[in-house]
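Here's a quick walk through one protein model. Have the structure open and follow along.

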Amino acid sequence: MVDIKFAEKQDICDIVKLSREFANEQCCNGIKADDGKYFDSKKVVVAKIESEIVGYCYGEVEMKTRATSFFEKGSKSFYFEEIYISPKFRKKGIGKLLFEFIENYAKSLKCEILETTAVSKDYKKLLKFYIERNNMQFWSANLIKKL
């Protein structure tokens, strides 16, 4: 059984290990491992199976300071920054559980928007996870071609 909950101080070392695992996997461009201090200002959620942390996600509340084509000034948003599941625990619905936990948390804070900038070398899996499984809307793409 998977237990989804907010991380506690004693979980940070395990989260940092998973962050290193994520960076070493090289499944996304530009991913760097985060240290424990980085997570201090984040709302981190972990997925545990028995006592092992097998995945995490995190983000933070943002108040939009200026209007854009898709935000009104003063909108309250939860910026979903990162989600990672250790490879041997993928395809078991853990990512969806983490996403739903964060989504419900953002709703409880009266956030109007859940947003993310998603990165992956496999954009088809990325779109399937966020759009098909979690009902996010495709809003824009940041495409890069190195010259």
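What follows covers the nonpolar cores, one glutamate and the two biggest pockets.

Keep in mind that this is a predicted model.

Let's start inside. The largest nonpolar core is made up of 21 residues. Those with the most contacts inside this core are Cys 57, Phe 80, Ile 83, Ile 94, Leu 98 and Tyr 130. Two or more residues each come from strand S2 (43–49), strand S3 (52–63), strand S4 (76–85), helix H2 (94–108) and helix H3 (123–133). H2 is the top contributor to this core, at six residues.

Ile 83 is a good place to zoom in. Setting aside residues up to four places away in sequence, Ile 83 touches Phe 22, Tyr 56, Cys 57, Gly 95, Leu 98, Phe 99, Phe 129 and Tyr 130. There's also a second, separate core of 13 residues, with Val 44, Ile 53, Tyr 58 and Tyr 84 among them.

Now for the glutamate. Is Glu 115 buried or exposed? Its relative accessible area is 15%, and buried means under 20%, so Glu 115 counts as buried. You'll find Glu 115 in strand S5 (residues 113–115). Its side chain makes a polar contact of 2.7 Å with the side chain of Lys 64, and another of 2.6 Å with that of Ser 77. Neighbours within four places in sequence aside, the residues in contact with Glu 115 are Glu 62, Lys 64, Phe 71, Ser 77, Phe 78, Tyr 79, Phe 80 and Met 136.

On to the pockets, with volumes and lining classes side by side.

| Pocket | Volume | Nonpolar lining | Polar lining | Charged lining |
|---|---|---|---|---|
| Largest pocket | about 1,400 Å³ | 19 residues | nine residues | five residues |
| Second largest pocket | about 990 Å³ | 17 residues | six residues | 14 residues |

The largest pocket is lined by 33 residues, and the closest to its centre are Thr 116, Thr 117, Ala 118, Ser 140 and Ala 141. H2, S5 and H3 each provide at least two lining residues there, and H3 gives the most, with five.

Which residues lie nearest the centre of the second largest pocket? They're Ile 83, Arg 90, Lys 125, Leu 126 and Phe 129, out of 37 lining residues. Helix H1 (12–25), S4, H2 and H3 are the elements that give two or more residues to this lining. Ile 83 therefore turns up twice: it is one of the core residues with the most contacts, and it sits among those nearest the centre of this pocket.

Technical notes
Residues numbered from 1 in each chain as written. Predicted model: local features only at pLDDT ≥ 70, side-chain atom pairs only at ≥ 80, totals over all residues. Heavy atoms only, no water. Core = buried A, V, L, I, M, F, W, Y, C linked by side-chain atoms within 4.5 Å. Buried < 20%, exposed > 50% of the residue type's maximum accessible area, 1.4 Å probe, protein only. Helix = DSSP H or I, 4+ residues; strand = E, 2+ residues; numbered from the N terminus. Contact = heavy atoms within 4.5 Å. Polar contact = N/O pair within 3.5 Å; in protein donor to acceptor, adjacent residues only side chain to side chain. 1 Å grid on protein atoms, 1.4 Å probe; cavity = no way out; pocket = protein on both sides within 12 Å on 5 of 7 lines; lining within 4 Å. Points joined across faces, edges and corners; volume = space filled by probe spheres on them. Nonpolar A, V, L, I, M, F, W, Y, C, P; charged D, E, K, R; others polar.
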